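Me: I am new to this structure and should like to understand how its ligands are held. Please take me through it step by step.

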Amino acid sequence: MSDSARPRRSALYMPASNPRALAKARSLPADVIILDLEDAVAPEAKEDARNAAIAAVAEGGFGNRELAIRINALDTPWGRDDLAAVVHANIDAVLVPKVYRPSDITACNAALADAPSRLQLWAMIETCAVVPHLDALAALAAGTRLSLFVMGVNDLAKEMRAKLTPERTPFLPILTLAVAAARAHGVAVLDGVCNEFRDLDVFEAEARQGLMFGFDGKTLIHPDQIAPCNTMFSPSEEDLAWAHAVIAAFALPENAGKGAIRVDGKMAELLHLEQARQMVAIADSIAAQE
Ligand code: COA
Ligand code: MG
C-alpha cells in the first residue's frame, strides 16, 4: 500500500501504563494505535510504561494497524532512553511531542540513524513556538524520516491560555496552517483529540470539522470514538460514485487529451481526476483491511 493510500481515519492513544488498554488494542478497529509514554503516563510510571510498550510490541498481534509509540520530549529525564528503546522495536513510527523548532526533529532523526528504514518520525504540533515554523518543519520530510503531523490541541490551549470550546475558534488558524504546510510537503496530518468521550454528538461535530479542514483522520482517546471517526473519514457512497464517474469520463476516447470536461452537469478538471483516484485508492485500502 502506498503511503498516500493508507487509511489513517482513526488513531487511538492509550497510556502504555494501562495493561487493559494495551490488551484491548489488538481487537479495536482503529487504523493507528499510539502507545503513549508521555502525557498520559505519570512520572513515577514512566519506566514501567516504556517496558510495557516494548513488551506489547514484541508480543505482536496488531495486524495491519499502524503502530506508533509517543516518546517523552528529549529534554525530559526519559526522552533519550525512550528513543533508544524504540530504535529496534517493530513499530511504524515514533511520535515526538512538544516540537518547538525544526531542529527538534533533526535531532530525533539523527538519534534514529541505526533504526530500520521503515521507521517514520511523526511530530506533535502543540507548541506556540512551532507555529511560525510549520512550513520549515514540514519541509524536513524531504531529508528525514518525518512523514506525519499530529495536532495537540490540549497543549496548544494550555500554552495559549485559550479556551478549548467545541467550536475550537481560537485554534482554527493553526489547524489551517498545519494542514497547508503538511500538504505542501507531502506530509500526512491528523487532527487533535476530543476530550468529551461520553458525548458522541460533540465528537461527531468536531470530527466533521476536522474532515472539512482536510485532515486525514483524527486522534482519539476512547474506543467509543473509533466507529464514528472511521465513518466520518471514509469516502461516502456519494463521494465514491462521483469519483468513479470522473475516472470513467476521463477514460472515454472523446475526452482524451482534455483538461476540463462535464461530469453529471458539473465541471471536472484533471485535478479532480487526481482527487478521484486518491479517493478510490483510500476506499480500496479500507475495503482490503475490512
Ligand atoms: N485505549 C484502549 N482501551 C481503552 C481506552 C483507550 N484509549 N480508553 C478506555 N479503554 C478501555 C478501558 O480499559 C475499559 O476496558 P475494560 O472494560 O476492559 O476495563 C473500557 O475501554 C471502558 O473504559 P471506560 O470506563 O469507558 O473509560 P475510563 O473511565 O476507564 O477511562 C480515560 C477514560 C479517558 C481515562 C481513558 O479512556 C484513557 O486513558 N484514554 C487515553 C488517554 C490518553 O492516552 N491520552 C494521551 C493523548 S491525549
Ligand atoms: Mg501534548
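Reply: A donor to a metal is an N, O or S atom within 2.8 Å of it, or 3.2 Å for Na, K and Ca; water is not among the atoms, so sites may look incomplete. Please note that the model is predicted.

Me: Which residues coordinate the magnesium ion (ligand 2)?
Reply: The coordination distances are 2.0 to 2.2 Å. The pair links distant parts of the chain, 29 residues apart, with one partner in the loop between β5 and α5 and the other in helix α6. The residues are Glu-126, through OE, and Asp-155, through OD.

Me: Does Glu-126 count as buried or exposed?
Reply: A residue is buried under 20% relative accessible area and exposed over 50%. Glu-126 has 2% relative accessibility, and therefore counts as buried.

Me: What is the distance between an oxygen atom of ligand 1 and the side chain of Arg-20?
Reply: Arg-20 is among the residues that come nearest to ligand 1. Lys-24 also offers a polar side-chain atom, 3.2 Å from an oxygen atom of ligand 1. For an N or O atom in the side chain of Arg-20, the distance to an oxygen atom of ligand 1 is 2.7 Å.

Me: Which element gives the most residues to the shell around ligand 1?
Reply: By class, this shell has 10 nonpolar, 1 polar and 5 charged residues. Both β1 (10-15) and α1 (19-25) supply at least two residues of the shell. The element that gives the most, with 4 residues, is β1.

Terms used:
Residues are numbered from 1 along each chain as its sequence is written. Chains are lettered from A and ligands numbered from 1 in the order in which they are written. This is a predicted model: local features need pLDDT of at least 70, side-chain atom pairs count only at pLDDT 80 or more; totals for chains, interfaces and linings use all residues. Side-chain values use heavy atoms; hydrogens and water are left out. A residue is near a molecule or strand if one of its heavy atoms lies within 4 Å of it. A polar contact is a pair of N or O atoms within 3.5 Å; within protein, one must be able to donate a hydrogen and the other to accept it, and residues adjacent in sequence count only if both atoms are side-chain atoms. Ala, Val, Leu, Ile, Met, Phe, Trp, Tyr, Cys and Pro count as nonpolar, Asp, Glu, Lys and Arg as charged, and the others, Gly among them, as polar. Buried means under 20% relative accessible area, exposed over 50%, partly exposed in between (1.4 Å probe, protein chains only).
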